[in-house]
Amino acid sequence: MDDKNRHLSEKEILEITKKSLHKTFGYFGLDNSYMSKNKGGLGGFVEEHIFGYKANSDENPDFIDAGIELKVTPVKKNQDGTISSKERLVLNMINYKAEAATTFLTSSFYKKNKRLLIWFYLYSIGAHPSEFEITDYDLFEFENSLQCKVIERDWNLIHKKIVEGKAHEISESDTEFLAACTKGANSKVLTEQYNSPIKAKPRAYSFKQSFMTYIYRNLIHKVAPYSPLLSEDEWMKCPLEEIYKEKISAYYGMTQKQLCIKFGVNSKAKHLNFILCQKMLGISGKRKATAEMEAAGIIFRTITVDKNGRPTEAMPFKSFEFDELINSSWDVSTVREDFVDLKLMIFVFKEIDGVITFETIHFWNAPNSIVDGPIKTMYEHCAKMVRQGNAFYFDKNGKIKDKFPKEDRNSNGVCHVRPHARISSDTFDLPVPDKITGIISYTKQSFWFNKDFVEKVLKGNA
């Protein structure tokens, strides 16, 4: 191992990269002994065993002369056959005090990551890392891309909070592509920040999972983004929220019947409002996002409110697996990943005397105080019950019911847990058989926002 290899030329770096494609990590000697003794994971393995230099965390790019930073990240195959990023791409740590004195072009983020060599490997559940195949690479030079305008805008939003002494208020959902993700052994680790006596969570710059999927699909594989609502140039000039509010405002005040006529929709489906929102966004079928929404991690929901503005229903999110619930701590769980990046675009319909009218769209980002507060508490409470085999019971009619907190009992004022499946046979396995009922699987469950909490969101009080 020789750090002179940090001075390889771009040509030499890319030659090694190309020769590594379609080989597994095991081909290069990865085994259990390495994974158990090294914290650098697969990224560190590539640095030390393929490029031949010692893994580092200094302020310079990994390849100093070429100005290239190396990153290794997983992708996964979805049930529909598509490939998406498995996780965010963590970049460099943020020193709040030092970063406060910089501009975008002098920031640690820009210096370290302006030329990123990203290696992608295919992750497979249950497979040993030695079996993972290196599938693709991209030399992403964001300063020469259309995406740079959004990345710089995101950096400025993060930087503004740092300068104002509000690093403790940073949320990953504040931004579109570039985020400041939490780092540290656990959520109790805190560090000093600039211009405030309040300590903040350590954070690192990162590209969001949704943006990594965009890089993989659109920039590497040239998969044409489906159903864009706006041109890419238009998208890069203004925040998506502003653009969407302007475009969707053309439909404000239209009744459900008027929207059906406008879009040629002839349906009495329970999810008619969802179909109408798809039409407003220019998408159809099972698709729930435009190309730009996918890249920015924005998801949309519909909600109907009564004449007093009170939601008539709770708001569901993705179902979770019981196995992950008990085997993944909150800090590394996919449930936290989903909520910490959550950017909601809510289409609000109002029903008065049987007439349903489209009112407005409302954007909401999940604050850390909600994610790492009530949602975390709910997650850990449910995990404890499943882990102890004490999550279910027989009701008075002999039917099996769960003890997960519902909106009408034991909820925490923000969320509850209940089924989110089309049919009762749509289940997930239980890693621990239930002690009382003996069941080994149960209907898929999801986190739901309570109606009262959704009302607060819509009124700007959450």
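The following exchange discusses how some descriptions of this predicted model are reached.

Colleague: Why is Lys-19 called exposed?

Modeller: Lys-19 belongs to helix α1, residues 10–20. Its relative accessible area is 62%, and exposed means over 50%. Lys-19 is therefore called exposed.

Colleague: Why does Asn-38 count as partly exposed?

Modeller: Asn-38 sits in the loop that joins α2 (32–37) and α3 (41–50). Its relative accessibility is 29%. Buried requires a value under 20% and exposed a value over 50%, with partly exposed in between. Asn-38 therefore counts as partly exposed. As for its place in the chain, Asn-38 and Met-280 are 242 residues apart in sequence, and their C-alpha atoms are separated by 50 Å.

Colleague: What makes β6 a largely enclosed strand?

Modeller: Strand β6 covers residues 178–182, and 4 of its 5 residues are buried. Buried means under 20% relative accessible area. With that count, β6 is largely enclosed by the rest of the structure.

Colleague: How do you know that β6 and β9 pair?

Modeller: Strand β9 spans residues 203–207, and 5 bridges join it to β6. Pairing asks for at least two bridges between strands, so β6 and β9 pair. They run antiparallel, and Cys-181 stands opposite Ala-204 in β9.

Colleague: What makes β3 and β6 the edge strands of their sheet?

Modeller: This open sheet has 3 strands in the order β3-β9-β6, with antiparallel pairing. Strands β3 (89–93) and β6 each pair on one side only, and they are the edge strands. The average twist from one strand to the next is 40°. Between β3 and β9 there are 3 bridges, and pairing needs at least two; β3 and β9 therefore pair. Val-90 has Ser-206 of β9 as its bridge partner. Helix α6 lies across β6 and β9, at about 40° to β6.

Colleague: Why is the pairing in the sheet β10-β12-β13 called mixed?

Modeller: The open sheet of 3 strands β10-β12-β13 has mixed pairing. Strands β10 and β12 run parallel and are joined by 8 bridges, whereas β12 (residues 343–352) and β13 pair in the antiparallel sense over 10 bridges. One position in each pairing may be located in the structure: Thr-304 stands opposite Phe-349 in β12, and Lys-350 has Thr-357 of β13 as its bridge partner. Helix α11, residues 272–281, packs on this sheet and touches β10, β12 and β13. Its direction makes about 135° with that of β10.

Colleague: How do you know that β10 is largely enclosed?

Modeller: Of the 8 residues of β10, 6 are buried. The cut-off for buried is under 20% relative accessible area. On this count, β10 is largely enclosed by the rest of the structure.

Colleague: What makes up the lining of the second largest pocket?

Modeller: The lining has 4 nonpolar, 1 polar and 8 charged residues. Asp and Glu count as charged, and among the residues nearest the centre of this pocket are Asp-174, Glu-176 and Glu-241. These named residues therefore belong to the charged class. Leu-157 and Pro-239 also lie nearest the centre. The elements that give two or more residues to the lining are α6 (148–163) and α9 (240–248), and α6 gives the most, with 5 residues. The volume of the pocket is about 260 Å³.

Conventions. Residues numbered from 1 in each chain as written. Predicted model: local features only at pLDDT ≥ 70, side-chain atom pairs only at ≥ 80, totals over all residues. Heavy atoms only, no water. Helix = DSSP H or I, 4+ residues; strand = E, 2+ residues; numbered from the N terminus. Contact = heavy atoms within 4.5 Å. Axes fitted to C-alpha atoms, helices over the stretch in contact; angles between N-to-C directions. 1 Å grid on protein atoms, 1.4 Å probe; cavity = no way out; pocket = protein on both sides within 12 Å on 5 of 7 lines; lining within 4 Å. Points joined across faces, edges and corners; volume = space filled by probe spheres on them. Buried < 20%, exposed > 50% of the residue type's maximum accessible area, 1.4 Å probe, protein only.
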